[in-house]
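Q: Please examine one strand of this structure closely. I would like a connected account of its surroundings and its pairing.

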Amino acid sequence: QVQLVESGGGLVQPGGSLRLSCAFSGSTYGISYMGWYRPAPGNQRRLVAQISKGTVTRGSRTTYAEDARGRFTISIDSAKDTVYLQLNNLKPEDSDVYYCKAQHSIRGDFWGQGTQVTVSS
């Protein structure tokens with residue numbers, strides 16, 4: 001099993017910034033990707049940003065949704081087993097619950113409980 005705990009959400013004015021954190025623990029050795037997601041229609045979740053865990057010889061690779069590219073940055077601190085999502089230049093339409101996901105090569109996907117981001121003046 002993999003446990004995920006998100007933090008860092010809150011209320012911010014348009015144009016402001018937040019940094020979301022997701023601490024992961026448990027069977028972390030087999031994690032291949034970490035990502036941040038938002039709710040989507042049909043009880044689905046859509047990708048905001050994703051990062052591969054990387055190795056000593058190969059760095060991490062990142063993927064962003066179109067509306068996140070250029071404003072959001074995903075990063076991972078393997079020493080702390082924490083993945084971050086830096087949110088800059090926030091807009092009201094960015095308001096949502098942001099979920100952290102760990103993709104394990106053997107055990108499947110694990111989700112955190114979500115952290116609320118509200119962008120409002």
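A: Buried means under 20% relative accessible area, computed with a 1.4 Å probe on protein chains only. The model under discussion is predicted. The strand chosen here is strand 9, residues 96–104. Seven of its nine residues are buried, so strand 9 is largely enclosed by the rest of the structure.

The pairing of strand 9 can be described partner by partner. In general, strands of a sheet pair through backbone hydrogen bonds, in either a parallel or an antiparallel manner. Strand 4, residues 31–40, runs antiparallel to strand 9 and is joined to it by six bridges. Within this pair, G35 lies opposite K101 of strand 9.

Strand 10, residues 108–111, is also an antiparallel partner of strand 9, with four bridges between them. K101 takes part here too, since its bridge partner in strand 10 is W111. K101 thus stands opposite G35 and has W111 as a bridge partner in strand 10. The connection between strand 9 and strand 10 is a hairpin of three residues.

A further antiparallel pairing links strand 9 to strand 11, residues 115–119, through three bridges. In this pairing D96 stands opposite V117 of strand 11.

Elsewhere in the model, strands in the order 1-3-8-7 form an open sheet of four with antiparallel pairing. Its edges are strand 1 (2–7) and strand 7 (72–77), each of which pairs on one side only. From one strand to the next, the twist averages 15°. Strand 7 is joined to strand 8, residues 82–87, by six bridges in the antiparallel sense, and F72 stands opposite L87 in strand 8.

Conventions
Residues are numbered from 1 along each chain as its sequence is written. This is a predicted model: local features need pLDDT of at least 70, side-chain atom pairs count only at pLDDT 80 or more; totals for chains, interfaces and linings use all residues. Side-chain values use heavy atoms; hydrogens and water are left out. Buried means under 20% relative accessible area, exposed over 50%, partly exposed in between (1.4 Å probe, protein chains only). Helices (H or I, at least four residues) and strands (E, at least two) are DSSP runs, numbered from the N terminus. Two strands pair if DSSP finds at least two bridges between them. Axes are lines fitted to C-alpha atoms, for helices over the stretch in contact, and angles run from 0 to 180 degrees between N-to-C directions.
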